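The questions below ask how the descriptive words applied to a model are justified. Each reply sets a value beside the criterion it has to meet.

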Amino acid sequence: MPEYNAAFYNGLTAVVLALKRRYGEAEAIDVMREVFSARLKSVYDQLGFTKGSPEDFARVIGANDVMLGLKVEFIVEPNKIIYRFHTDPFPLLKGHVDPTKFDNAYLRFKIEYVLGDDWDYCTTKHLWNSDPFTEHVIEKINDHRFSG
């Protein structure tokens with residue numbers, strides 16, 4: 001596995017903090033949502049996937065995460081994916097932005113682009129809360145039981 005790409009994540013962290021100082025947290029997160037979407041779309045398209053496939057979700061998201069040096073884990077079931085981060089990609093943002101809102105800036109895109117808008121998630125654990133990992137439980141929904 002490649003080493004954690006601190007330079008990449010620290011650069012993004014500096015951008016988030018500068019945007020937050022200038023425009024506020026909501027605007028900073030909104031800009032990062034656009035940045036994440038553009039970058040991730042390109043990577044996922046290159047890897048190829050079948051939209052709606054939990055196995056492809058784990059494969060393409062996992063491949064990108066590993067390429068960036070993140071230790072992640074997936075537990076895949078037909079209509080449920082548990083996505084765990086054992087590496088905190090943005091440790092320097094702890095205490096500066098809301099973790100739920102910031103995680104949503106990239107996770108919402110990952111879910112909707114690779115799985116579809118009939119999937120949602122909730123975060124059950126977070127490294128910023130001294131949990132052993134960050135855990136996102138992603139489920140195919142018919143109702144809106146979760147909101148990320």
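Q: What share of the contacts in the chain with a separation of 6 or more comes from residues 24 or more positions apart?
A: In this predicted model, such residues account for 60% of the contacts with a separation of 6 or more, where a contact requires heavy atoms within 4.5 Å.

Q: How do you know that the radius of gyration of the chain agrees with that of a compact globule?
A: The globule rule takes 2.2 Å times the number of residues to the power 0.38, and for 148 residues this gives a value near 15 Å; the chain has 15 Å, so the two agree. Along its principal axes, the C-alpha trace spans about 40 × 35 × 30 Å.

Q: Which elements make up the chain, and in what order do they run from the N terminus on?
A: The chain contains 4 helices and 4 strands, and from the N terminus on they run α-α-α-β-β-α-β-β.

Q: What makes strand β2 mostly covered?
A: A residue is called buried when its relative accessible area is under 20%, and in β2, which comprises residues 80-85, 5 of the 6 residues are buried. For the chain, buried residues make up 47% of the 148 residues.

Q: How do you know that β1 and β2 pair, and in which sense?
A: Two strands pair if at least two bridges are found between them; β1 (residues 72-77) and β2 have 6 bridges and run in the antiparallel sense, so the criterion is met. Within this pairing, F74 stands opposite Y83 in β2, and the two strands form a hairpin with 2 residues between them.

Q: What other strand pairs with β2, and over how many bridges?
A: Strand β4 (residues 134-140) pairs with β2 in the antiparallel sense over 6 bridges, and I81 has I138 in β4 as its bridge partner.

Q: Why is S130 called exposed?
A: Exposed means a relative accessible area over 50%, and S130 has 64%, so the word applies. S130 lies in the loop between β3 (119-125) and β4, and has a positive phi of about 70 degrees although it is not a glycine.

Q: How far apart are the mean positions of the positive and negative charges of the chain?
A: The mean positions of the 18 positive and 22 negative charges are 3 Å apart, where Lys and Arg count as positive and Asp and Glu as negative.

Q: What part of the area exposed by the chain is supplied by carbon and sulfur atoms?
A: The chain exposes about 7,500 Å², and carbon and sulfur atoms supply 52% of this area.

Note on methods. Residues numbered from 1 in each chain as written. Predicted model: local features only at pLDDT ≥ 70, side-chain atom pairs only at ≥ 80, totals over all residues. Heavy atoms only, no water. Buried < 20%, exposed > 50% of the residue type's maximum accessible area, 1.4 Å probe, protein only. Areas by Shrake-Rupley, 256 points an atom, 1.4 Å probe, with all protein chains shown as cover. Charge placed at Lys NZ, Arg CZ, Asp CG, Glu CD.
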